[in-house]
Amino acid sequence: MTTVEKIVNSTPLLADSPAAIRIASSTFHARRARRILGDESPALAARLIRARDYLPMEYGLLHAGLVAFEGYRERRARSVRRQHPR
């Protein structure tokens with residue numbers, strides 16, 4: 001399953017739960033998952049409790065590549081959403 005599929009399939013289960021929501025993952029994946037949840041269900045996204053996300057240069061030189069890749073994915077996702085609105 002993809003991250004999108006996991007979130008879409010989980011939102012009905014989370015909707016009736018009064019508990020706070022946390023996404024446990026790597027820094028960049030958690031950031032992406034929070035954005036997807038916000039698109040899928042703003043009400044559930046409002047219940048998110050953020051964990052520690054980022055420490056400057058925690059991945060050393062790899063961090064620059066990860067930031068660039070995340071920016072590319074974000075631009076690509078926006079382009080796809082414009083081409084195929086729900």
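How much space lies in the second largest pocket? About 170 Å³. This pocket returns in one of the views below, and the model shown in each view is predicted.

**View 1. The whole chain is built from four helices, with zero strands.** From the N terminus on, the order of elements is α-α-α-α. The C-alpha atoms fill a box of roughly 40 × 35 × 20 Å along the principal axes. The chain has 86 residues, and 21% of them are buried. Take the contacts between residues at least 6 apart in sequence: 74% of these join residues at least 24 apart.

**View 2. Helix α2 covers residues 27-40.** Does its length fit its residue count, or what span should be expected? The helix has 14 residues, and at 1.5 Å a residue it should span 20 Å. Its end C-alpha atoms are 20 Å apart, so the model agrees with the expected span. Several residues of α2 are buried: T27, F28, A30, R32, A33, R34, I36 and L37. The partners of these buried residues lie in α1 (3-15), α3 (42-45) and α4 (62-83).

**View 3. Seven residues form the largest nonpolar core.** They are I7, I21, A33, I36, L37, L44 and L48. Helix α2 supplies the largest share of this core, three residues. In soluble globular proteins, nonpolar side chains tend to be buried together. Look next at I7, a member of the core. Leaving aside residues up to four places away in sequence, I7 touches A33, I36, L37 and E40.

**View 4. The largest pocket has a volume of about 520 Å³.** Its lining has 15 residues, and those closest to the pocket centre are V4, I36, A77, V80 and R81. Which helix gives the most to this lining? Helix α4 does, with seven residues. Both α2 and α4 supply at least two residues each. Sorted by class, the lining holds eight charged, six nonpolar and one polar residue. I36 appears here among the residues closest to the centre, and I36 also belongs to the largest nonpolar core.

**View 5. The second largest pocket holds about 170 Å³ of space.** Thirteen is the count of its lining residues, and K6, I7, S10, I23 and A33 are the closest to its centre. The elements giving two or more residues to this lining are α1 and α2. Helix α1 gives the most, with five residues. By class, the lining has seven nonpolar, four polar and two charged residues. Two names return from View 3: I7 and A33 line this pocket and are part of the largest nonpolar core. A33 is also one of the buried residues of α2.

**View 6. One cavity of 30 Å³ or more is present in the structure.** The largest cavity contains about 40 Å³ of space. Which residues line the largest cavity? They are R22, I23, R34, L48, I49, R50 and A51. The classes are four nonpolar and three charged residues, with no polar ones. Some of these residues have appeared in other views. R34 is among the buried residues of α2. L48 belongs to the largest nonpolar core. I23 is one of the residues closest to the centre of the second largest pocket.

Definitions and conventions:
Residues numbered from 1 in each chain as written. Predicted model: local features only at pLDDT ≥ 70, side-chain atom pairs only at ≥ 80, totals over all residues. Heavy atoms only, no water. Expected span 1.5 Å × (residues − 1). Buried < 20%, exposed > 50% of the residue type's maximum accessible area, 1.4 Å probe, protein only. Contact = heavy atoms within 4.5 Å. 1 Å grid on protein atoms, 1.4 Å probe; cavity = no way out; pocket = protein on both sides within 12 Å on 5 of 7 lines; lining within 4 Å. Points joined across faces, edges and corners; volume = space filled by probe spheres on them. Nonpolar A, V, L, I, M, F, W, Y, C, P; charged D, E, K, R; others polar. Core = buried A, V, L, I, M, F, W, Y, C linked by side-chain atoms within 4.5 Å.
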